[in-house]
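The following exercises concern salt bridges and the accessibility of the residues that form them. Please work through each task before reading its solution.

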Amino acid sequence: MLWNIAFRTLLHDRGKLLAGLVGVIFSVVLVNIQGGLFLGLMNKARLLVNLSHADIWVGHRGMHNVDFPHHIPERWIHRIRSVPGVREAEPVRIYQSEMNLPDGNFEGVTLIGIKEDTALGRAYEIVEGAQDALSYADGVIIDQCDTEKLFHPRIGEIREIGGRRARISATSHGVLSFLVTPYVFTTYDRAADYAGGNPSMASYFLVSVHDGVDRKAVCREIERRLQDVSAVPADEYGAISVHFWLSRTGIGLSFGAATMLGLLVGLVMVGQTLYAMVLDRINEFATLKAIGSSEREIMLLLGAQSCFVAVLGIAIGLVISMVISATLSTPRATIEIPIPLYIASALLVFCICLIASTLPYLRVRRVDPHTVLQG
C-alpha cells in the first residue's frame, strides 16, 4: 500500500518530479563526464609508456615523468642486453626543442628519437605518408591533431627544428602529449641533432623480455648491475608519470571540486522536490499517522519516492553520458568512461538521493496527527 501511495504521489505532481529527475540526471552526467575527462587526461601522461611496446623502462635513478628524462650514457645498454631474460633493449631520446612556423614564430615540440629497426618506442601508427617515413632524409612524423598548432604542414613540407632542416614525411593520429607541446617522432640520431643534445647520451632504455620472465626480477638485476639507474615495469612507470602530474598540479582537486558541486546540486534538487511534495500533502501524512502508520512506514514511503526518482534519473543520466562520450570524445579532449565509473556514479547518486529523503522526513516527523481529527 505504501509503495502505491509513494508512486501515485510522485506521478500526481509531474512538475516537481521533473525537477527532481533533472537534479539526478545532472549529477550522474557531471560525475561521469568529469571523471571521463580526468581519466582521458591522465592517460595522456602515460601515453608514450603505454604505446611503447616495452616491458620495462630504464632511466636515471629517481625518474618520475616520461616527458622529463635525465639523460644517461648510451654505452650502459650493453650491460642491460646481457641480463638473463632480456629479449631486446634499445635506447630512446626525448628532447624539448622548437619548430619554426610559416609566420616567423616558433612552436615548442617534444622530440621522440627512436631506432628505425625496432618496434620499441614506436608509439604511433602512420595514417598518412609512407610507412618507412623516418628513413627519408630529415624525415619527421607529426600527429594530425597537432597540425593546427604547427600551421597545418603538408606531407613533404620543409620546416626547421632547432635550426636544422626537417621534412614532414608522415602523420599519425591521436598520439598527443599531456603538455601543450606536440610530439614529433624522428630517428634516434636525428633527435640529438635537432635538440643539440649529447650524441653519447640516451634518455631511456626500452626493454622487452622473453615470455614467462619475471619483469621485476629483471628490473632488480638491471639495478644491481647499474647503480645509477631505475628499472621499472612499463605499467608502473605509467602510473608514476600520472602521479607526478597529480602531485605537482591542482588537476585532481579542480576536477574533484567540480564533481562534488554537481553532487551537491543533485542533493539539493532531490531534497527540495521531496520536501515540496510533503508540504503540499502535509495533511495526508498526518492522516496516515492518525490511522496508525508508524514512523518506519512513513520513512519507507519517503524512501520509496526517493528510490523511484533516483533509479529513473540514474538510468537517463547513464544513457546521456554514453551518448556524450561516444559523440564528443576526441583525441584532444578524450572522455574515457570505464564500466566501474558508470557503476560507481550510479551507486553514489543513489545513496545521495536516499540521504536527501531525510529532509522531508524530518518535517513529517513533527506533524501532529491530532490536527486532522481536530479539523
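The conventions come before three exercises with solutions.

This is a predicted model, in which local features need pLDDT of at least 70 and side-chain atom pairs count only at pLDDT 80 or more, while totals for chains, interfaces and linings use all residues. Residues are numbered from 1 along each chain as its sequence is written, and side-chain values use heavy atoms, with hydrogens and water left out.

**Exercise 1.** Determine which parts the salt bridge between Arg93 and Glu74 ties together.

Solution. A salt bridge requires a side-chain nitrogen of Lys or Arg within 4 Å of a carboxyl oxygen of Asp or Glu. For Arg93 and Glu74, the closest N and O atoms are 3.6 Å apart. Arg93 belongs to strand β3 (residues 86-100) and Glu74 to the loop between β2 (72-73) and α4 (77-81), so the contact joins parts 19 residues apart in sequence. Helices (H or I, at least four residues) and strands (E, at least two) are DSSP runs, numbered from the N terminus. Asp189 is linked with Glu74 and Arg93 in a network of salt bridges.

**Exercise 2.** Classify Arg93 and Glu74 as buried, partly exposed or exposed.

Solution. Buried means under 20% relative accessible area, exposed over 50%, and partly exposed in between (1.4 Å probe, protein chains only). Arg93, at 1%, is buried; Glu74, at 24%, is partly exposed.

**Exercise 3.** Locate Arg224 and Glu221 and state their accessibility.

Solution. Both residues lie in helix α6, three residues apart, about one turn of the helix. Their closest N and O atoms are 2.8 Å apart in a salt bridge. Arg224 is exposed at 54%, whereas Glu221 is buried at 19%.
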